[in-house]
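Reader: Could you walk me through this one, feature by feature? I'd like to start with the ligand.

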Amino acid sequence: MRDVTIAKSEFIADEKAITKIQDFQEDAELFRYCTLPQILKYVECFTGPNIMAVHTMLINKPPDPGKMSSRHPMHQDLHYFPFRPADLIVAAWTAMERVDRSNGCLVVLPGTHKGSLKQHDYPEWEGGVNKMYHGVRDYDANQPRVHLEMEKGDTVFFHPLLIHGSGANQTQGFRKAISCHFASADCHYIDVKGTSQENIEREVLEIARKKYGVTVPITLKDTWMIRGRLVKGERINL
Ligand SMILES: CC(C)CC(=O)SCCNC(=O)CCNC(=O)[C@H](O)C(C)(C)COP(=O)(O)OP(=O)(O)OC[C@H]1O[C@@H](n2cnc3c(N)ncnc32)[C@H](O)[C@@H]1OP(=O)(O)O
Ligand SMILES: O=C(O)CCC(=O)C(=O)O
């Protein structure tokens with residue numbers, strides 16, 4: 001993914017062009033992260049013994065181009081997932097270098113994981129928003145925030161209802177982190193029609209059609225089913 005401010009420019013293959021690698025589940029070296037016993041030891045406390053890696057990302061947050069577009073709006077990851085229950089899903093996010101407020105560390109609203117899934121839309125940011133970076137509209141902006149300053153190798157585990165995001169990268173370096181969302185293979189898919197998740201389903205299916213030429217009718221569920229990979233136990237539902 002390129003930052004929205006250069007999304008329409010000529011493609012130049014350098015670090016600027018790769019602000020995120022998603023879906024690395026077939027890359028043996030990167031996927032090793034999702035199988036590390038040091039990670040799975042904690043993941044299993046949330047998912048139980050049947051563990052699926054459902055979403056993988058290597059995030060290379062670029063220096064902000066001056067538009068604040070390197071921010072990640074405050075959101076709940078469950079907005080993107082057509083499976084439940086939420087309590088059997090957990091994210092692991094590992095800093096690959098020191099992260100703090102200067103290079104756009106994670107920001108969380110403690111306790112929000114006890115709430116419900118909220119409506120997500122594009123934030124109204126003057127400098128532009130990256131495609132599919134939806135945010136929660138109605139959260140209390142005065143609620144205390146915690147900035148997760150982390151050292152290289154530190155890992156945070158969080159619930160998919162936790163409202164979180166990340167700040168602008170005000171340094172000249174590319175802030176790197178690796179992350180995997182895990183879910184219990186006992187989770188079940190839901191139909192998001194008629195729910196607040198309809199907007200993300202519409203957008204994902206439009207990309208499937210335009211970018212990948214998918215012409216048969218599919219749902220959000222299908223786009224997740226093909227990327228999930230078992231890391232431990234038995235693949236039951238997902
Ligand atoms: C739990 C979890 C999901 C939590 C989160 O991560 S929340 C954020 C979730 N969203 C994402 O991660 C979005 C990731 N981005 C992507 O998947 C890709 O970058 C795509 C949006 C599919 C674009 O594909 P890509 O190969 O990067 O770009 P292409 O050169 O093929 O362009 C296709 C059309 O998309 C546009 N585009 C590409 N990057 C951006 C951007 N950053 N912001 C806005 N528009 C963008 C690009 O201009 C092009 O547009 P058209 O020519 O079709 O009009
Ligand atoms: O790494 C970041 O900057 C934000 C990641 C995040 O919030 C997410 O992927 O859900």
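Reader: Which backbone atom comes up against a nitrogen of ligand 1, and at what distance?

Author: Look for pairs of N or O atoms within 3.5 Å. Here a backbone N or O atom of Lys131 sits 3.0 Å from a nitrogen atom of ligand 1. Bear in mind that this is a predicted model.

Reader: And which side chains make polar contacts with ligand 1?

Author: Asn130 has a polar side-chain atom 2.9 Å from a nitrogen atom of ligand 1. Gln22 places a polar side-chain atom 3.4 Å from an oxygen atom of the ligand. As for cover, ligand 1 taken alone exposes 1,000 Å², and the protein buries 74% of that.

Reader: How many residues surround ligand 1, and which come nearest?

Author: There are 22 residues around ligand 1, with Arg2, Lys8, Lys20, Asn130 and Lys211 coming nearest. Sort the shell by chemistry and you get nine nonpolar, five polar and eight charged residues.

Reader: Which element gives the most to that shell?

Author: Helix 3, with three residues. Strand 1 (20-22) and strand 2 (51-61) also supply at least two residues each.

Reader: Let's stay with helix 3, then. How do I check its length against its end-to-end distance?

Author: Count 1.5 Å a residue, using one less than the number of residues. The 15 residues of helix 3 (residues 198-212) should therefore span 21 Å, and the end C-alpha atoms are 20 Å apart, which agrees. Just past the helix, Gly213 takes a positive phi of about 65°.

Reader: Which residues of helix 3 are buried, and what do they pack against?

Author: Buried means under 20% relative accessible area. In helix 3 that picks out Asn199, Ile200, Glu201, Glu203, Val204, Ile207 and Ala208. The buried residues of the helix pack against strand 7 (120-121) and helix 4 (220-225).

Reader: One last residue: is Asn169 buried or exposed?

Author: Use that cut-off again: Asn169 counts as buried because its relative accessibility is 0%. Asn169 belongs to the loop between strand 11 (164-166) and strand 12 (175-184).

Reader: What lies around Asn169?

Author: Leave out residues up to four places away in sequence, and the residues Asn169 touches include Pro62, Pro63, Asp64, Ser102, Asn103 and Phe174. Lys61 is another of those contacts, and its backbone oxygen lies 3.1 Å from a polar atom of the Asn169 side chain.

Terms used: Residues are numbered from 1 along each chain as its sequence is written. Chains are lettered from A and ligands numbered from 1 in the order in which they are written. This is a predicted model: local features need pLDDT of at least 70, side-chain atom pairs count only at pLDDT 80 or more; totals for chains, interfaces and linings use all residues. Side-chain values use heavy atoms; hydrogens and water are left out. Helices (H or I, at least four residues) and strands (E, at least two) are DSSP runs, numbered from the N terminus. Buried means under 20% relative accessible area, exposed over 50%, partly exposed in between (1.4 Å probe, protein chains only). Contact means heavy atoms within 4.5 Å. A residue is near a molecule or strand if one of its heavy atoms lies within 4 Å of it. A polar contact is a pair of N or O atoms within 3.5 Å; within protein, one must be able to donate a hydrogen and the other to accept it, and residues adjacent in sequence count only if both atoms are side-chain atoms. Accessible areas come from the Shrake-Rupley method with a 1.4 Å probe; for residues, only the protein chains shown count as cover. Ala, Val, Leu, Ile, Met, Phe, Trp, Tyr, Cys and Pro count as nonpolar, Asp, Glu, Lys and Arg as charged, and the others, Gly among them, as polar.
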